[in-house]
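Student: Could you take me through one part of this model up close? I'd like to see how the protein meets the DNA.

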Number of protein chains: 2
Amino acid sequence: MKIGALASRSGVPVKTLRYYEELGLLPAIGRSEGGYRLFDEDSLPRLEFIRRLKALGLSLEEIQSCLAVHDAGELPCHDIQVMLNHQIERIDARMKELHQLRGELQGLLADWQNDPTKQGGVICPNLKV
Amino acid sequence: MKIGALASRSGVPVKTLRYYEELGLLPAIGRSEGGYRLFDEDSLPRLEFIRRLKALGLSLEEIQSCLAVHDAGELPCHDIQVMLNHQIERIDARMKELHQLRGELQGLLADWQNDPTKQGGVICPNLKV
DNA sequence: TTAGAGTCTCCTGATGAGTGGAGAGTCAAG
DNA sequence: CTTGACTCTCCACTCATCAGGAGACTCTAA
């Protein structure tokens, strides 16, 4: 299967497939006489796997290390578990930050609403026209 | 005031000041005979303003458009309000996404815990060793 | 006068995950 | 044999926000 066929069957753009191959995420089984990359059927579930882990917020680098474990002959489920746990921790930290930021923004806007004469109190005070 | 003095008084690195000046966020009042950028005292509250809006998660581009309104002779408080509202909306959307993602991850991990024989059920099924 | 500190412009790189295009080569059908 | 679709490599660019360094110039203090 050449790259275009894999692209249309998987829905992943040709450019992206080449990029994945370059990163080592998606090995080609070889090249044709003319130098075209050749992929086998296994590329399809592999791309699906990549897609799923990407959708879960894992980076290509993390996905690659999962696949490396897999390619070493071991199902990477344990590693995936570990990474998913890390990912949950990251999400919690990010949500906490966002929550705090949102509170700050909300407070500023509330002050503005309650006392329009403040004209931006903490934000604009030193900025003169 | 030369760029180094502004850097030490504001705490903003020289490189960053040059970058801001290049973007038009922080106009220099001119150049010395030797070609050195010269800044006035107004640069300090301006940098403080930039710092505050940055801390609130606004991009330099958004800050620049606030400053453009300000420089046109109008206090940009209304525009800032509008942008802060947008920012809150963005945060809400992002938090919703993260919440959903977290739920998915948590669910996957819970399945794994409850039934280790699944070995990754929805994630690894098509990936054969 | 000289040393050293400060500043200038320009170039490169870093992060992540690609996208776009140029120019050349390959392949299959008519 | 030709045409058009496909693919190749290589390079630049995207988004944001700078950081690092080279090589040259300017300014200040002793």
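Tutor: Let's go through the surface near DNA strand D, then the one near DNA strand C. Residues are numbered from 1 along each chain as its sequence is written, and chains are lettered from A in the order in which they are written. This is a predicted model, where local features need pLDDT of at least 70, side-chain atom pairs count only at pLDDT 80 or more, and totals for chains, interfaces and linings use all residues, while side-chain values use heavy atoms, leaving out hydrogens and water.

A residue is near a strand if one of its heavy atoms lies within 4 Å of it. DNA strand D has 21 residues around it, and Gly4(A), Arg18(A), Arg37(A), Lys15(B) and Tyr20(B) come nearest. Sugar and phosphate make up 71% of the strand D atoms that come within 4 Å of the protein. Arg18(A) puts a polar side-chain atom 2.3 Å from a phosphate oxygen of DNA strand D, and for Arg31(A) that distance is 3.0 Å. On the base side, a side-chain N or O atom of Tyr36(B) sits 3.2 Å from a base oxygen of DNA strand D.

Over at DNA strand C, 18 residues are around it, with Lys15(A), Thr16(A), Arg18(B), Tyr36(B) and Arg37(B) nearest. Here 66% of the strand atoms within 4 Å of the protein belong to sugar or phosphate, and the rest to bases. Phosphate oxygens of DNA strand C lie 2.3 Å from a polar side-chain atom of Arg18(B) and 2.6 Å from one of Arg37(B). Tyr19(A) has a side-chain N or O atom 3.3 Å from a base nitrogen of DNA strand C.

How values were computed
Polar contact = N/O pair within 3.5 Å; in protein donor to acceptor, adjacent residues only side chain to side chain.
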